[in-house]
Amino acid sequence: MKNPLHICILGGGFGGLYTAIYLQHFLLFKSPNCKITLVDRNDRLTFTPLLYELVTDELQAWEIGPDYQKILSDRNVNFCQGIVEGVDLEKRQVKLKKNSDNREELLTYDYLVLAVGVQMRLEGVPGAATYAYTFRTIADAERLKQRLKILENTASKIIQVAVVGGGPSGVELACKLADRLGKRGQVRLIERGNELLKTFSPYSRKSAIKALKARRIEVDFDTSIEAVESDKILIFQNGERSYSPVDLVLWTVGNRSIDWVRNLPCQQNDRGQLLTLPTLQLVDYPEVLALGDLAEIQYHPQKQLPATAQVAYQQASCAAKNLYLAARGKRLQKFRYLHLGEMLTLGKGAAVVSSFALKVDGGLAGGIRQFVYLQRLPTLRHQLRVLRHWIGKWLRGLKGGGS
Ligand SMILES: Cc1cc2nc3c(=O)[nH]c(=O)nc-3n(C[C@H](O)[C@H](O)[C@H](O)COP(=O)(O)OP(=O)(O)OC[C@H]3O[C@@H](n4cnc5c(N)ncnc54)[C@H](O)[C@@H]3O)c2cc1C
(Lines give C-alpha, C1' and ligand atoms only; values in the text may rest on other atoms or scores of the structure.)
Protein backbone atom coordinates (compact mmCIF):
# COMPACT_ATOMS: atom_id res chain seq x y z
CA MET A 1 0.00 0.00 0.00
CA LYS A 2 1.16 3.54 -0.75
CA ASN A 3 2.39 5.54 2.27
CA PRO A 4 -0.02 8.31 3.23
CA LEU A 5 0.96 11.85 2.30
CA HIS A 6 2.64 13.38 5.36
CA ILE A 7 2.36 17.09 6.15
CA CYS A 8 4.44 18.20 9.06
CA ILE A 9 3.74 21.57 10.70
CA LEU A 10 6.37 22.95 13.04
CA GLY A 11 5.05 25.50 15.56
CA GLY A 12 1.53 25.73 16.95
CA GLY A 13 1.12 29.52 16.98
CA PHE A 14 -0.83 31.79 14.69
CA GLY A 15 0.89 30.45 11.58
CA GLY A 16 1.11 26.73 12.38
CA LEU A 17 -1.99 25.93 14.42
CA TYR A 18 -4.30 27.83 12.11
CA THR A 19 -2.74 26.12 9.05
CA ALA A 20 -3.61 22.77 10.66
CA ILE A 21 -7.16 23.98 11.29
CA TYR A 22 -7.61 25.40 7.78
CA LEU A 23 -6.34 22.14 6.22
CA GLN A 24 -9.45 20.49 7.59
CA HIS A 25 -11.55 22.52 5.17
CA PHE A 26 -10.29 20.20 2.41
CA LEU A 27 -11.73 16.71 2.10
CA LEU A 28 -8.38 15.42 0.86
CA PHE A 29 -6.72 16.24 4.18
CA LYS A 30 -9.45 14.60 6.24
CA SER A 31 -8.88 11.25 4.61
CA PRO A 32 -6.69 8.41 6.01
CA ASN A 33 -4.48 8.84 2.92
CA CYS A 34 -3.15 11.94 4.52
CA LYS A 35 -1.28 12.26 7.80
CA ILE A 36 -0.85 15.69 9.40
CA THR A 37 1.45 16.24 12.38
CA LEU A 38 1.60 19.46 14.38
CA VAL A 39 4.66 19.86 16.60
CA ASP A 40 5.02 22.39 19.41
CA ARG A 41 7.23 22.51 22.50
CA ASN A 42 4.25 23.54 24.63
CA ASP A 43 1.02 21.67 25.22
CA ARG A 44 -1.16 24.71 24.60
CA LEU A 45 -1.53 27.78 22.42
CA THR A 46 -0.61 31.26 23.64
CA PHE A 47 -3.11 33.68 22.17
CA THR A 48 -0.68 36.59 22.52
CA PRO A 49 -3.00 39.57 21.81
CA LEU A 50 -4.92 38.77 25.02
CA LEU A 51 -1.87 37.90 27.16
CA TYR A 52 -1.92 41.31 28.88
CA GLU A 53 -5.31 40.54 30.41
CA LEU A 54 -3.65 37.89 32.61
CA VAL A 55 -1.66 40.61 34.41
CA THR A 56 -4.84 42.34 35.57
CA ASP A 57 -6.77 39.09 36.10
CA GLU A 58 -9.33 40.19 33.51
CA LEU A 59 -8.84 36.79 31.85
CA GLN A 60 -7.56 33.42 33.01
CA ALA A 61 -4.90 31.30 31.35
CA TRP A 62 -7.35 28.63 30.10
CA GLU A 63 -9.28 31.24 28.12
CA ILE A 64 -6.29 32.32 26.02
CA GLY A 65 -4.38 29.05 26.12
CA PRO A 66 -6.53 26.15 24.94
CA ASP A 67 -4.95 22.71 24.92
CA TYR A 68 -3.73 21.50 21.48
CA GLN A 69 -5.06 17.96 22.09
CA LYS A 70 -8.53 19.36 22.76
CA ILE A 71 -8.45 21.79 19.83
CA LEU A 72 -7.48 18.99 17.45
CA SER A 73 -9.46 16.15 19.03
CA ASP A 74 -11.98 15.79 16.22
CA ARG A 75 -9.60 16.66 13.39
CA ASN A 76 -7.25 14.57 11.28
CA VAL A 77 -4.19 16.14 12.94
CA ASN A 78 -1.81 14.42 15.36
CA PHE A 79 -0.32 16.68 17.98
CA CYS A 80 3.24 15.91 19.03
CA GLN A 81 4.72 17.80 21.97
CA GLY A 82 8.44 18.17 21.40
CA ILE A 83 11.27 20.59 20.78
CA VAL A 84 12.40 20.81 17.17
CA GLU A 85 16.18 20.73 17.06
CA GLY A 86 16.72 20.95 13.33
CA VAL A 87 15.49 20.15 9.85
CA ASP A 88 17.40 18.36 7.10
CA LEU A 89 15.89 19.97 4.04
CA GLU A 90 17.68 17.59 1.66
CA LYS A 91 16.54 14.39 3.39
CA ARG A 92 13.15 15.91 4.30
CA GLN A 93 13.59 15.02 7.96
CA VAL A 94 12.76 16.86 11.19
CA LYS A 95 14.80 16.14 14.28
CA LEU A 96 12.96 16.64 17.54
CA LYS A 97 13.17 15.80 21.20
CA LYS A 98 9.88 14.57 22.59
CA ASN A 99 8.78 16.09 25.89
CA SER A 100 7.16 12.87 27.16
CA ASP A 101 10.33 10.75 27.36
CA ASN A 102 13.10 13.12 26.25
CA ARG A 103 13.83 10.76 23.34
CA GLU A 104 15.08 12.02 20.01
CA GLU A 105 12.83 11.30 17.07
CA LEU A 106 13.02 11.80 13.33
CA LEU A 107 9.93 12.73 11.35
CA THR A 108 9.94 12.49 7.59
CA TYR A 109 7.63 14.64 5.51
CA ASP A 110 6.32 15.21 2.02
CA TYR A 111 5.41 18.82 2.79
CA LEU A 112 6.71 20.94 5.64
CA VAL A 113 5.30 24.10 7.20
CA LEU A 114 7.83 26.14 9.17
CA ALA A 115 6.10 28.39 11.72
CA VAL A 116 8.15 28.36 14.93
CA GLY A 117 8.23 32.16 15.22
CA VAL A 118 11.16 34.01 16.75
CA GLN A 119 12.75 34.32 20.18
CA MET A 120 13.65 37.30 22.36
CA ARG A 121 17.13 38.70 22.20
CA LEU A 122 18.39 39.73 25.62
CA GLU A 123 22.09 38.93 25.31
CA GLY A 124 23.15 42.38 24.06
CA VAL A 125 22.59 44.11 27.41
CA PRO A 126 24.50 42.85 30.47
CA GLY A 127 22.18 41.50 33.16
CA ALA A 128 19.04 41.63 30.98
CA ALA A 129 18.83 37.86 30.51
CA THR A 130 19.17 37.34 34.28
CA TYR A 131 17.04 40.11 35.75
CA ALA A 132 14.61 41.36 33.11
CA TYR A 133 11.23 39.69 32.63
CA THR A 134 10.10 38.71 29.13
CA PHE A 135 6.45 38.66 28.11
CA ARG A 136 5.66 36.29 25.24
CA THR A 137 4.05 33.21 26.75
CA ILE A 138 1.57 32.21 29.43
CA ALA A 139 4.51 30.98 31.52
CA ASP A 140 6.06 34.48 31.27
CA ALA A 141 2.78 36.05 32.40
CA GLU A 142 2.53 33.63 35.37
CA ARG A 143 6.12 34.40 36.38
CA LEU A 144 5.45 38.13 36.17
CA LYS A 145 2.32 37.77 38.31
CA GLN A 146 4.28 35.88 40.97
CA ARG A 147 6.85 38.67 41.10
CA LEU A 148 4.10 41.30 41.29
CA LYS A 149 2.46 39.46 44.19
CA ILE A 150 5.76 39.43 46.09
CA LEU A 151 6.23 43.15 45.48
CA GLU A 152 2.63 43.92 46.44
CA ASN A 153 3.12 42.06 49.74
CA THR A 154 6.13 44.12 50.80
CA ALA A 155 5.82 47.16 53.05
CA SER A 156 7.26 49.51 50.47
CA LYS A 157 4.89 52.32 49.47
CA ILE A 158 6.13 52.56 45.89
CA ILE A 159 6.74 49.81 43.34
CA GLN A 160 9.04 50.99 40.57
CA VAL A 161 8.66 49.32 37.20
CA ALA A 162 10.65 49.95 34.01
CA VAL A 163 9.14 48.75 30.74
CA VAL A 164 11.67 48.65 27.93
CA GLY A 165 10.39 49.43 24.42
CA GLY A 166 7.80 51.86 23.13
CA GLY A 167 6.20 49.47 20.64
CA PRO A 168 2.74 47.96 21.13
CA SER A 169 3.87 45.41 23.75
CA GLY A 170 5.62 48.07 25.86
CA VAL A 171 2.69 50.50 25.76
CA GLU A 172 0.04 47.84 26.44
CA LEU A 173 2.02 46.27 29.26
CA ALA A 174 2.78 49.63 30.89
CA CYS A 175 -0.94 50.55 30.97
CA LYS A 176 -1.98 47.18 32.43
CA LEU A 177 0.78 47.29 35.07
CA ALA A 178 -0.17 50.84 36.06
CA ASP A 179 -3.81 49.75 36.48
CA ARG A 180 -2.87 46.69 38.48
CA LEU A 181 -0.49 48.54 40.83
CA GLY A 182 -2.71 51.62 41.25
CA LYS A 183 -1.29 54.38 43.46
CA ARG A 184 1.67 52.26 44.50
CA GLY A 185 2.89 51.85 40.95
CA GLN A 186 5.52 54.09 39.42
CA VAL A 187 5.70 52.87 35.85
CA ARG A 188 8.28 54.16 33.42
CA LEU A 189 8.38 53.42 29.69
CA ILE A 190 11.83 53.57 28.15
CA GLU A 191 12.25 54.04 24.40
CA ARG A 192 15.48 54.32 22.46
CA GLY A 193 13.92 56.35 19.65
CA ASN A 194 11.93 59.56 19.74
CA GLU A 195 8.41 58.23 19.25
CA LEU A 196 6.03 55.54 20.45
CA LEU A 197 4.15 53.04 18.28
CA LYS A 198 6.05 54.02 15.16
CA THR A 199 4.03 51.88 12.76
CA PHE A 200 0.60 52.77 14.17
CA SER A 201 -1.93 55.34 12.94
CA PRO A 202 -1.98 58.88 14.39
CA TYR A 203 -5.34 58.10 16.04
CA SER A 204 -4.00 55.05 17.90
CA ARG A 205 -0.87 56.95 18.92
CA LYS A 206 -2.92 59.85 20.28
CA SER A 207 -5.17 57.49 22.27
CA ALA A 208 -2.14 55.67 23.64
CA ILE A 209 -0.46 58.89 24.76
CA LYS A 210 -3.71 59.97 26.45
CA ALA A 211 -3.90 56.61 28.27
CA LEU A 212 -0.26 56.79 29.39
CA LYS A 213 -0.74 60.33 30.70
CA ALA A 214 -3.94 59.42 32.55
CA ARG A 215 -1.97 56.73 34.38
CA ARG A 216 1.00 59.03 35.07
CA ILE A 217 3.34 56.74 33.18
CA GLU A 218 6.62 58.52 32.58
CA VAL A 219 7.94 58.11 29.05
CA ASP A 220 11.68 58.46 28.45
CA PHE A 221 12.57 59.01 24.79
CA ASP A 222 16.09 58.79 23.33
CA THR A 223 17.05 56.63 26.28
CA SER A 224 18.80 53.28 26.23
CA ILE A 225 19.37 50.71 28.90
CA GLU A 226 23.00 49.69 29.16
CA ALA A 227 22.80 47.22 32.05
CA VAL A 228 20.24 45.59 34.29
CA GLU A 229 20.96 44.63 37.88
CA SER A 230 18.76 43.08 40.56
CA ASP A 231 17.58 46.46 41.91
CA LYS A 232 18.70 49.08 39.37
CA ILE A 233 19.23 49.85 35.71
CA LEU A 234 22.01 51.76 34.03
CA ILE A 235 20.54 54.21 31.58
CA PHE A 236 22.07 56.41 28.90
CA GLN A 237 20.16 59.62 28.38
CA ASN A 238 21.14 63.07 27.11
CA GLY A 239 24.75 61.95 26.71
CA GLU A 240 25.01 60.86 30.35
CA ARG A 241 24.97 57.56 32.20
CA SER A 242 23.16 57.13 35.49
CA TYR A 243 21.67 54.41 37.66
CA SER A 244 17.98 54.31 38.48
CA PRO A 245 16.49 52.15 41.22
CA VAL A 246 13.91 49.65 40.02
CA ASP A 247 11.89 46.73 41.43
CA LEU A 248 10.97 45.15 38.13
CA VAL A 249 12.17 45.38 34.52
CA LEU A 250 10.00 44.20 31.61
CA TRP A 251 11.77 43.60 28.31
CA THR A 252 9.65 43.88 25.16
CA VAL A 253 12.21 44.63 22.42
CA GLY A 254 14.57 42.69 20.18
CA ASN A 255 13.66 39.49 18.41
CA ARG A 256 15.94 37.05 16.70
CA SER A 257 15.56 33.86 14.73
CA ILE A 258 15.76 30.53 16.48
CA ASP A 259 19.30 29.10 16.07
CA TRP A 260 18.44 26.05 13.95
CA VAL A 261 16.25 28.20 11.68
CA ARG A 262 19.18 30.58 11.15
CA ASN A 263 21.38 27.59 10.28
CA LEU A 264 19.09 26.27 7.54
CA PRO A 265 20.84 26.28 4.16
CA CYS A 266 18.35 28.59 2.48
CA GLN A 267 18.05 32.25 1.59
CA GLN A 268 17.61 34.64 4.51
CA ASN A 269 17.48 38.39 5.07
CA ASP A 270 19.94 40.23 7.34
CA ARG A 271 17.69 39.62 10.36
CA GLY A 272 17.82 35.86 9.81
CA GLN A 273 14.25 35.59 8.48
CA LEU A 274 13.74 32.96 5.78
CA LEU A 275 12.99 34.44 2.38
CA THR A 276 9.96 33.00 0.67
CA LEU A 277 8.29 33.34 -2.69
CA PRO A 278 4.89 35.11 -2.79
CA THR A 279 3.37 31.59 -2.54
CA LEU A 280 5.08 31.17 0.90
CA GLN A 281 7.43 28.48 -0.51
CA LEU A 282 11.12 28.58 0.35
CA VAL A 283 13.07 29.76 -2.66
CA ASP A 284 15.09 26.53 -3.10
CA TYR A 285 12.69 24.05 -1.46
CA PRO A 286 9.21 24.29 -2.98
CA GLU A 287 7.86 21.54 -0.70
CA VAL A 288 8.54 23.78 2.32
CA LEU A 289 6.27 26.69 3.24
CA ALA A 290 7.44 29.26 5.79
CA LEU A 291 5.14 31.77 7.44
CA GLY A 292 4.64 34.12 10.36
CA ASP A 293 7.40 35.95 12.20
CA LEU A 294 10.20 33.67 10.97
CA ALA A 295 9.71 34.49 7.31
CA GLU A 296 9.96 37.45 4.99
CA ILE A 297 7.78 36.98 1.99
CA GLN A 298 8.69 38.64 -1.32
CA TYR A 299 5.52 40.62 -1.22
CA HIS A 300 6.14 44.03 -2.65
CA PRO A 301 9.54 45.55 -3.49
CA GLN A 302 8.95 48.56 -1.23
CA LYS A 303 6.69 47.06 1.37
CA GLN A 304 7.53 44.56 4.09
CA LEU A 305 4.78 42.82 5.98
CA PRO A 306 4.79 43.39 9.75
CA ALA A 307 5.46 40.54 12.19
CA THR A 308 1.93 40.30 13.54
CA ALA A 309 -0.64 37.69 14.37
CA GLN A 310 -2.88 39.24 11.74
CA VAL A 311 -0.34 38.48 8.99
CA ALA A 312 0.45 34.96 10.28
CA TYR A 313 -3.27 34.14 10.59
CA GLN A 314 -4.00 35.21 7.01
CA GLN A 315 -0.92 33.35 5.75
CA ALA A 316 -2.19 30.18 7.45
CA SER A 317 -5.26 30.18 5.26
CA CYS A 318 -3.10 30.67 2.13
CA ALA A 319 -0.67 27.93 3.27
CA ALA A 320 -3.51 25.40 3.66
CA LYS A 321 -4.89 26.28 0.23
CA ASN A 322 -1.44 26.02 -1.34
CA LEU A 323 -0.76 22.64 0.27
CA TYR A 324 -3.98 21.43 -1.30
CA LEU A 325 -3.00 22.83 -4.71
CA ALA A 326 0.50 21.35 -4.42
CA ALA A 327 -0.86 17.92 -3.46
CA ARG A 328 -3.11 18.10 -6.53
CA GLY A 329 -0.19 19.11 -8.74
CA LYS A 330 -1.72 22.53 -9.44
CA ARG A 331 -0.23 26.01 -9.53
CA LEU A 332 0.08 27.67 -6.11
CA GLN A 333 -1.56 31.02 -5.30
CA LYS A 334 0.22 34.17 -4.23
CA PHE A 335 -0.45 35.43 -0.72
CA ARG A 336 -2.45 38.64 -0.54
CA TYR A 337 -2.54 40.58 2.69
CA LEU A 338 -5.56 42.59 3.73
CA HIS A 339 -4.82 44.97 6.57
CA LEU A 340 -7.94 44.89 8.73
CA GLY A 341 -6.83 47.59 11.14
CA GLU A 342 -5.14 47.80 14.52
CA MET A 343 -6.14 47.34 18.13
CA LEU A 344 -4.31 48.00 21.38
CA THR A 345 -5.38 47.43 24.94
CA LEU A 346 -4.81 50.61 26.95
CA GLY A 347 -5.42 49.53 30.54
CA LYS A 348 -8.11 47.56 32.30
CA GLY A 349 -11.27 47.33 30.17
CA ALA A 350 -10.00 49.96 27.73
CA ALA A 351 -8.51 49.91 24.24
CA VAL A 352 -8.18 51.73 20.96
CA VAL A 353 -9.57 50.28 17.74
CA SER A 354 -8.83 51.70 14.32
CA SER A 355 -10.25 49.71 11.44
CA PHE A 356 -11.15 51.29 8.10
CA ALA A 357 -13.63 54.10 9.01
CA LEU A 358 -14.12 52.91 12.60
CA LYS A 359 -12.03 54.81 15.13
CA VAL A 360 -12.90 54.43 18.78
CA ASP A 361 -11.13 54.30 22.13
CA GLY A 362 -11.94 53.78 25.82
CA GLY A 363 -14.39 51.21 27.24
CA LEU A 364 -16.35 50.70 24.03
CA ALA A 365 -13.14 49.89 22.15
CA GLY A 366 -12.21 47.51 24.99
CA GLY A 367 -15.45 45.58 24.41
CA ILE A 368 -15.08 45.55 20.62
CA ARG A 369 -11.50 44.29 20.88
CA GLN A 370 -12.43 41.43 23.19
CA PHE A 371 -15.25 40.29 20.93
CA VAL A 372 -13.10 40.48 17.81
CA TYR A 373 -10.50 38.29 19.50
CA LEU A 374 -13.15 35.95 20.88
CA GLN A 375 -14.08 34.95 17.35
CA ARG A 376 -10.41 34.49 16.45
CA LEU A 377 -9.88 31.93 19.24
CA PRO A 378 -9.51 28.44 17.77
CA THR A 379 -12.61 26.24 17.51
CA LEU A 380 -16.22 27.20 18.00
CA ARG A 381 -16.37 24.95 21.07
CA HIS A 382 -13.66 26.95 22.83
CA GLN A 383 -15.17 30.27 21.75
CA LEU A 384 -18.53 29.25 23.22
CA ARG A 385 -16.92 28.07 26.46
CA VAL A 386 -15.19 31.42 26.86
CA LEU A 387 -18.32 33.36 25.91
CA ARG A 388 -20.40 31.41 28.49
CA HIS A 389 -17.77 32.24 31.10
CA TRP A 390 -17.87 35.96 30.20
CA ILE A 391 -21.68 36.06 30.36
CA GLY A 392 -21.59 34.27 33.75
CA LYS A 393 -19.04 36.78 35.03
CA TRP A 394 -21.10 39.69 33.76
CA LEU A 395 -24.30 38.33 35.36
CA ARG A 396 -22.54 37.74 38.69
CA GLY A 397 -21.25 41.32 38.45
CA LEU A 398 -24.81 42.61 37.93
CA LYS A 399 -26.11 40.61 40.90
CA GLY A 400 -23.26 41.75 43.09
CA GLY A 401 -23.79 45.37 42.01
CA GLY A 402 -20.34 45.44 40.38
CA SER A 403 -19.54 46.62 36.89
C1 LIG B 1 2.71 39.88 24.17
C2 LIG B 1 2.44 39.91 22.69
C3 LIG B 1 1.28 40.50 22.21
C4 LIG B 1 1.02 40.52 20.84
N5 LIG B 1 -0.14 41.15 20.43
C6 LIG B 1 -0.44 41.13 19.12
C7 LIG B 1 -1.65 41.76 18.66
O8 LIG B 1 -2.41 42.32 19.45
N9 LIG B 1 -1.92 41.70 17.33
C10 LIG B 1 -1.07 41.11 16.43
O11 LIG B 1 -1.38 41.07 15.23
N12 LIG B 1 0.09 40.54 16.82
C13 LIG B 1 0.43 40.54 18.14
N14 LIG B 1 1.61 39.97 18.56
C15 LIG B 1 2.52 39.37 17.57
C16 LIG B 1 2.08 37.93 17.28
O17 LIG B 1 1.96 37.19 18.46
C18 LIG B 1 3.06 37.26 16.35
O19 LIG B 1 3.30 38.06 15.22
C20 LIG B 1 2.49 35.90 15.90
O21 LIG B 1 2.27 35.09 17.03
C22 LIG B 1 3.43 35.22 14.92
O23 LIG B 1 2.94 33.94 14.62
P24 LIG B 1 3.95 32.74 14.35
O25 LIG B 1 3.11 31.57 14.02
O26 LIG B 1 5.01 33.16 13.44
O27 LIG B 1 4.68 32.51 15.74
P28 LIG B 1 4.10 32.16 17.15
O29 LIG B 1 2.66 32.53 17.26
O30 LIG B 1 5.06 32.79 18.11
O31 LIG B 1 4.19 30.59 17.25
C32 LIG B 1 5.39 29.90 17.26
C33 LIG B 1 5.16 28.57 17.94
O34 LIG B 1 6.31 27.76 17.75
C35 LIG B 1 6.63 27.10 18.94
N36 LIG B 1 8.06 26.83 18.92
C37 LIG B 1 9.08 27.71 18.88
N38 LIG B 1 10.26 27.08 18.80
C39 LIG B 1 9.98 25.76 18.81
C40 LIG B 1 10.79 24.59 18.75
N41 LIG B 1 12.10 24.65 18.65
N42 LIG B 1 10.17 23.40 18.78
C43 LIG B 1 8.82 23.31 18.87
N44 LIG B 1 8.02 24.37 18.92
C45 LIG B 1 8.60 25.59 18.89
C46 LIG B 1 6.21 28.05 20.04
O47 LIG B 1 5.94 27.37 21.24
C48 LIG B 1 4.96 28.70 19.44
O49 LIG B 1 3.79 28.02 19.81
C50 LIG B 1 1.92 39.95 19.93
C51 LIG B 1 3.09 39.34 20.40
C52 LIG B 1 3.35 39.31 21.76
C53 LIG B 1 4.61 38.65 22.27
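## Reading domains, a ligand shell and strands in a predicted model

Guide: The chain is divided into domain 1 (5–119 + 255–327), domain 2 (122–251) and domain 3 (342–399). Please keep in mind that this is a predicted model.

Visitor: Which domains touch the ligand, and where does the ligand lie with respect to them?

Guide: Residues of the shell come both from domain 1 (5–119 + 255–327) and from domain 2 (122–251), so the ligand lies between them. In total, 30 residues surround the ligand. The closest are Gly11, Gly13, Gly15, Gly117 and Gly292.

Visitor: Which secondary structure elements supply at least two residues of this shell?

Guide: They are β2 (34–40), β3 (78–88) and α11 (309–327). Of the elements, α11 gives the most to the shell around the ligand, namely three residues.

Visitor: How many residues of each class does the shell around the ligand have?

Guide: There are 14 nonpolar, twelve polar and four charged residues around the ligand.

Visitor: I should like to turn to the contact between domains. How is the size of an interface often given?

Guide: The size of an interface is often expressed as the accessible area that is lost when the parts come together. For the present case I can describe the contact by distance and by residues. The centres of domain 2 and domain 3, taken over C-alpha atoms, are 25 Å apart. To their contact, domain 2 gives 15 residues and domain 3 gives eleven residues.

Visitor: Which helices supply at least two residues of the side of domain 2 that touches domain 3?

Guide: Both α8 (168–181) and α9 (202–214) do so. Helix α8 gives the most to that side of domain 2, with seven residues. By class, the side of domain 2 that touches domain 3 has eight nonpolar, three polar and four charged residues.

Visitor: Let us take strands next. How do side chains lie in a regular strand?

Guide: In a regular strand, side chains alternate between the two faces of the sheet. Strand β9 (residues 159–164) offers a case to examine. Ile159, Val161 and Val163 point one way from β9, whereas Gln160, Ala162 and Val164 point the other way.

Visitor: Are these residues of β9 buried or exposed?

Guide: All of them are buried. The strand is accordingly described as mostly covered, with six of its six residues buried.

Visitor: Which strand pairs with β9, and in what sense?

Guide: The partner is strand β10 (residues 185–190), and the two pair in the parallel sense over six bridges. Within this pair, Val187 in β10 stands opposite Val161.

Visitor: How many bridges join β1 to β2?

Guide: Strand β1 (residues 5–10) runs parallel to β2 and is joined to it by six bridges. In this pairing, Leu10 has Val39 of β2 as its bridge partner. Strand β2 also pairs with β3 in the parallel sense, over four bridges. There, Asp40 has Gln81 of β3 as its bridge partner. Both β2 and β3 are also among the elements that each supply at least two residues of the ligand shell.

Visitor: Finally, why may the chain be said to agree with a compact globule?

Guide: A compact globule of 403 residues would have a radius of gyration near 22 Å; the chain has 22 Å, which agrees. The C-alpha trace spans about 70 × 55 × 50 Å along its principal axes. Of the 403 residues, 40% count as buried.

Visitor: How many helices and strands does the secondary structure of the chain comprise?

Guide: The chain has 13 helices and 22 strands. Among contacts with a separation of 6 or more, 62% are between residues 24 or more positions apart.

Key:
Residues numbered from 1 in each chain as written. Predicted model: local features only at pLDDT ≥ 70, side-chain atom pairs only at ≥ 80, totals over all residues. Rg over C-alpha atoms; globule rule 2.2 N^0.38 Å. Buried ≥ 20, exposed ≤ 12 C-beta atoms within 10 Å, placed from the backbone. Contact = placed C-beta atoms within 7 Å. Near = placed C-beta within 6 Å. Nonpolar A, V, L, I, M, F, W, Y, C, P; charged D, E, K, R; others polar. Domains from an automatic or database assignment. Pairing = 2+ DSSP bridges.
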